[in-house]
Amino acid sequence: SSIRKTNIPKPKSCGPKHRSKKRCWSSKFQDPGAVTRRRSHRSPARDKISPVRILGIDPGIERTGWAVIDANRGASQALAYDCIITKRGLPLEVRLVTIFTSLRRIIKAHKPREAAIEKLYFSANIKTALTVGHARGVVLLALALDNLPVYHYNPLEIKLAVSGYGRADKLQVKKMVNFLLHLDEKLKIDDVSDALAVALTHAAI
């Protein structure tokens with residue numbers, strides 16, 4: 001008996017000419033919010049095995065908290081943290097120079113690869129918001145001069161990343177920062193704990 005040959009059609013490719021909606025995964029089925037977050041926050045350096053050194057900053061005209069941590073695969077280690085303090089009564093421009101020059105020395109000493117800073121949010125006290133804006137400006141200038149990529153996070157994002165609760169108070173944030181970084185000493189200054197918190201937020205996102 002003769003064997004009858006049947007021509008089996010080749011499956012269509014998923015190229016630009018033949019795109020099957022059932023078989024091809026299109027970008028329109030992805031979560032656009034997740035893609036945006038990944039592109040805006042994640043750095044190529046994060047995919048490497050070596051730790052990423054992050055500089056976290058909580059800007060302020062009287063006290064600017066700063067912290068340097070090493071983040072690697074979800075585990076973070078605090079390397080250095082402190083507060084830049086400017087004296088009251090000095091002219092604004094002198095206080096801004098102090099913040100700027102101090103931060104340049106910190107960057108040179110610890111050589112971070114990325115920087116994270118708390119976003120400026122509207123305050124009921126307009127004068128306070130303006131002075132914090134001045135301090136934030138010189139901080140961003142110092143980071144830009146060292147070609148550091150800067151990532152911005154609002155207080156809600158920081159509280160959620162560190163404590164899991166968007167309305168956490170200062171004390172709860174401090175306790176979680178101490179717990180996550182295994183610090184031997186208790187943090188006394190809010191600006192320092194906030195700088196560590198923003199650095200941990202960037203490490204987690």
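How much area does the protein expose, and what share of it do carbon and sulfur atoms supply? The protein exposes about 13,700 Å², and carbon and sulfur atoms supply 56% of it. Accessible areas come from the Shrake-Rupley method with a 1.4 Å probe; for residues, only the protein chains shown count as cover.

This is a predicted model: local features need pLDDT of at least 70, side-chain atom pairs count only at pLDDT 80 or more, and totals for chains, interfaces and linings use all residues. Residues are numbered from 1 along each chain as its sequence is written, and side-chain values use heavy atoms, with hydrogens and water left out.

Start with the fold. The protein has 6 helices and 5 strands. These are DSSP runs numbered from the N terminus: helices are H or I with at least four residues, strands are E with at least two. Along the sequence they follow the pattern α-β-β-β-α-β-α-β-α-α-α.

Now look inside. Of the 205 residues, 38% are buried, meaning under 20% relative accessible area with a 1.4 Å probe, protein chains only. The largest nonpolar core has 26 residues. Such a core is a set of buried Ala, Val, Leu, Ile, Met, Phe, Trp, Tyr and Cys residues joined through side-chain atoms within 4.5 Å. Elements giving two or more residues to this core include β1 (52–58), β2 (63–72) and α6 (190–204). The largest share, 8 residues, comes from α6.

Ile 69 is among the residues with the most contacts inside this core. Leaving aside neighbours within four places in sequence, Ile 69 is in contact (heavy atoms within 4.5 Å) with residues including Ile 54, Leu 79 and Leu 196.

Key. Buried means under 20% relative accessible area, exposed over 50%, partly exposed in between (1.4 Å probe, protein chains only).
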